[in-house]
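Q: I am new to this structure. Please take one part of it, look at it closely, and then go on to a second site for contrast.

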Amino acid sequence: MQAPPGAGTSGLKVQVGSRVYDAQEIQRLIPQLEEAIEKKDKQLRQSQNVIETHTKRITELEREVNNLQTECDKLRSVLQQKAEAVTSPSAPNQKSSRSEDLHTEMEKKAVLPTLENHGETRSKKLAVSAEPAKLDQHKTTLQHHAKSAGSKQLIRDAVQKNDFLRQLAKEQVIELVECMFEMRARAGQWVIQEGEPGDRLFVVAEGQLQVSREGQALGKIGPGTVMGELAILYNCTRTASVQAITDVSLWVLDRSVFQMITMRLGMERHAQLMNFLNKVSIFENLTEDRISKMADVMDQDYYAGGNHIIREGEKGDTFFVINSGQVRVTQFIDGEPEPREIRVLKQGDFFGEKALLGEEVRTANVIAMNPGVEVLTLDRESFLKLIGDLEALKRDYGDSQRRATLSSRTVQEPPSPTSVAQTNEFAQLQLRQLKRIATLGVGGFGRVELVCINNDKTKTFALKALKKKHIVDTRQQEHIFAERNIMLETRSDWIVKLYTTFRDSKYVYMLLEACLGGELWTTLRDRGHFDDYTARFYVACVLEGLEYLHRKNIVYRDLKPENCLLTQSGYLKLVDFGFAKKLASGRKTWTFCGTPEYVSPEIILNKGHDQAADYWALGIYICELMLGRPPFQASDPMKTYTLILKGIDALDIPNRRIGKTATALVKKLCRDNPGERLGSGSGGVNDIRKHRWFMGFDWEGLRSRSLKAPIVPKVSNPADVSNFDNYPPDQDIPPDEFSGWDEGF
Ligand SMILES: Nc1ncnc2c1ncn2[C@@H]1O[C@H](COP(=O)(O)OP(=O)(O)OP(=O)(O)O)[C@@H](O)[C@H]1O
Ligand SMILES: Nc1nc2c(ncn2[C@@H]2O[C@@H]3COP(=O)(O)O[C@H]3[C@H]2O)c(=O)[nH]1
Ligand SMILES: Nc1nc2c(ncn2[C@@H]2O[C@@H]3COP(=O)(O)O[C@H]3[C@H]2O)c(=O)[nH]1
């Protein structure tokens, strides 16, 4: 502001921009302007209050939507279960179609988020299983079928385009290409029929095919396409029909051949490594189990002659065992210009332990000799976990005083499980003395009813009835016997007790301890998800159960909230041992079984699996408890498997509900390599208990059951089934089954 030239004495003039004002007038205006500003401020504050009220309302509405969502999920899953219960494929009836309509109607109406990637709906997860793998399969030769180079390329390209198949090892793909055989179909012929069981995979070589579902065209497929790939993992029903439009030529692979291919590679590599490691002198006192775990985690490396494998003074993270060839060890000596040769190491010798056992850096050079060296390697973590405590490793080479040694670790003994004397109380019990009170649940093979003996409702039991015909049709006889034998053998407070068994012409029965708190799955569904405190308790209960089983060399293979039952006091017990298997220490098994969202990569790829599969499942279980859904979930199992094979690191675990510490534990449990999973090391389950996430957890209180459960279910009397969903009576009475497989059940 400045006074314009020629401003008179009558009053000071002030120029602002191009306008000229009287200074007195401005003075007069100031209070008015101040008043206006205050008014605006007030308006602003009012608007802010309105915004705040709206924001609060939005939060409230969001909460309401969440509650409605949970309610909706609940209704939907109950409805789905009912629909499933009455729409058995073997007994199509009026009732079933009506309830299916209702189900579809409900699905249409329910405004559910359709998450393609996560399929976030809360319905129970179904278990799947292939028939038990024949262990001698790997001995039989795989039959190759001649084909042109062009045909082989077409199959290879199709495999590479398929998300699942391209995860196979190169040798497996080569074998798969060789083993496929040709099949032709004329125009109009059906190649795949919707709803039928499938056991083969196809690659289209020539011609066009039409895909349809329920009579509706879904699309056309042509040369270079894979179809029906889920069927090579286990018996599943075809999801669509496929008809040849033109004459077609197809390449076909049977499930049994696929199993042989995948199983063989894993078995051969594992067996070769075990064989070699067993002969390594420092490992001579190790158990088969530890050798097997080492074989799982060891990598193989090759160094051409003359190359340094280790340089003195460098930091080191790897331990080596010489598989073939020789190495020179050299060392710098005071006053000598060149490193001096100390010794030569040969096949079966080891090196690189010093930098992992207290020494900061490598204490010598190790150089590959001609014509080259093959070494097996262990990273620092696996080394310390599996063999870090071996005395034989603490070798004095005579070049310096030995440094501090690791104190040998001791595995804490778990408390002995409460022994429940298997009394003869049930020896005289007859099936007809059992009276049905209500249905507790429906499973893949039948139902579980709450029953009492001779109408005495002060003491109740769960009676699991399994349809014999269904067991035979799905070739699950071995699994059912294993379930019975394993449950009879287990005596643990963390596992549902099996008192006795019965059989008749239609069913085999198991009389079980009843857990009236309901399924953990139901509690999770109703609450949406659990906080750390609650989840930790439920994980700890399962960990106690798994430790008990693993000590008895049993792998459980079906961990999920659906199989965890709550007792009246809110503690958990594992139920459903349909997939449990006794597995000698260091051995593996190959049958595909489990629940798609919970199966580990080695099960999917048929590499052979063991107890470590349960640790993988434990990681998934922790996630599901905290997120309200399993981390790997998709619209169909094949997509779920593809996600699992991409690994836990490819997954963006949302940390809104699951914190950093829990995520860290999940990542340690869900390592692709079974030998690297927390729990698989020499510290066993204790390594999991020691994780930060369990810091301060009262394990003793848990074992003595003095720790209060986070949720205590309401159970008013031994016949109270209010914690279970309602199930209509079973309409599907199975036919008699007299093949005799159940002899001795
Ligand atoms: N001991 C029990 N006490 C209370 N409820 C039980 C008991 N055993 C089973 N149930 C209920 O019955 C349901 C089915 O039981 P279970 O999982 O053993 O059957 P299944 O036929 O093997 O099932 P799946 O098809 O899942 O393998 C359970 O999820 C649970 O709700
Ligand atoms: N369900 C379904 N299957 C398809 C589609 N297109 C191709 N297919 C293949 O058709 C096959 C039918 O049998 P499967 O369910 O075993 O596997 C299916 C797929 O591989 C489609 O759009 N939907
Ligand atoms: N320091 C030392 N290391 C040796 C000798 N002979 C073989 N080695 C191996 O050479 C390795 C060099 O790396 P590390 O120090 O990790 O571990 C060492 C031993 O495993 C020896 O005489 N002295």
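**Strand 21 and the ligand 3 site**

A: Strand 16 (residues 318-324) pairs with strand 21 through six bridges, and the two run antiparallel. The model is a predicted one. Within this pairing, isoleucine 322 is set opposite valine 375 of strand 21. Strand 21 also pairs with strand 14 (residues 299-303), again in the antiparallel sense, and here five bridges join the two. One of the pairs between strands 14 and 21 is glutamine 300 with leucine 376, its bridge partner in strand 21. Strand 21 itself spans residues 373-379 and is mostly covered, with five of its seven residues buried. Buried here means that a residue has under 20% relative accessible area.

The second site is the shell around ligand 3. It holds 16 residues, of which Arg343, Glu353, Arg362, Thr363 and Asp399 come nearest. By class, the shell divides into eight nonpolar, five charged and three polar residues. Strand 17 (327-331) and strand 18 (340-345) each contribute at least two residues to this shell.

Several polar atoms of the protein can be placed against ligand 3. Arginine 343 has a polar side-chain atom 2.8 Å from an oxygen atom of the ligand. For glutamine 331, a polar side-chain atom lies 3.3 Å from a nitrogen atom of ligand 3. Alanine 355 takes part through its backbone: a polar atom there is 2.8 Å from an oxygen atom of ligand 3. On its own, ligand 3 has 460 Å² of accessible area, and the protein covers 99% of it.

Technical notes
Residues are numbered from 1 along each chain as its sequence is written. Chains are lettered from A and ligands numbered from 1 in the order in which they are written. This is a predicted model: local features need pLDDT of at least 70, side-chain atom pairs count only at pLDDT 80 or more; totals for chains, interfaces and linings use all residues. Side-chain values use heavy atoms; hydrogens and water are left out. A residue is near a molecule or strand if one of its heavy atoms lies within 4 Å of it. A polar contact is a pair of N or O atoms within 3.5 Å; within protein, one must be able to donate a hydrogen and the other to accept it, and residues adjacent in sequence count only if both atoms are side-chain atoms. Accessible areas come from the Shrake-Rupley method with a 1.4 Å probe; for residues, only the protein chains shown count as cover. Helices (H or I, at least four residues) and strands (E, at least two) are DSSP runs, numbered from the N terminus. Ala, Val, Leu, Ile, Met, Phe, Trp, Tyr, Cys and Pro count as nonpolar, Asp, Glu, Lys and Arg as charged, and the others, Gly among them, as polar. Buried means under 20% relative accessible area, exposed over 50%, partly exposed in between (1.4 Å probe, protein chains only). Two strands pair if DSSP finds at least two bridges between them.
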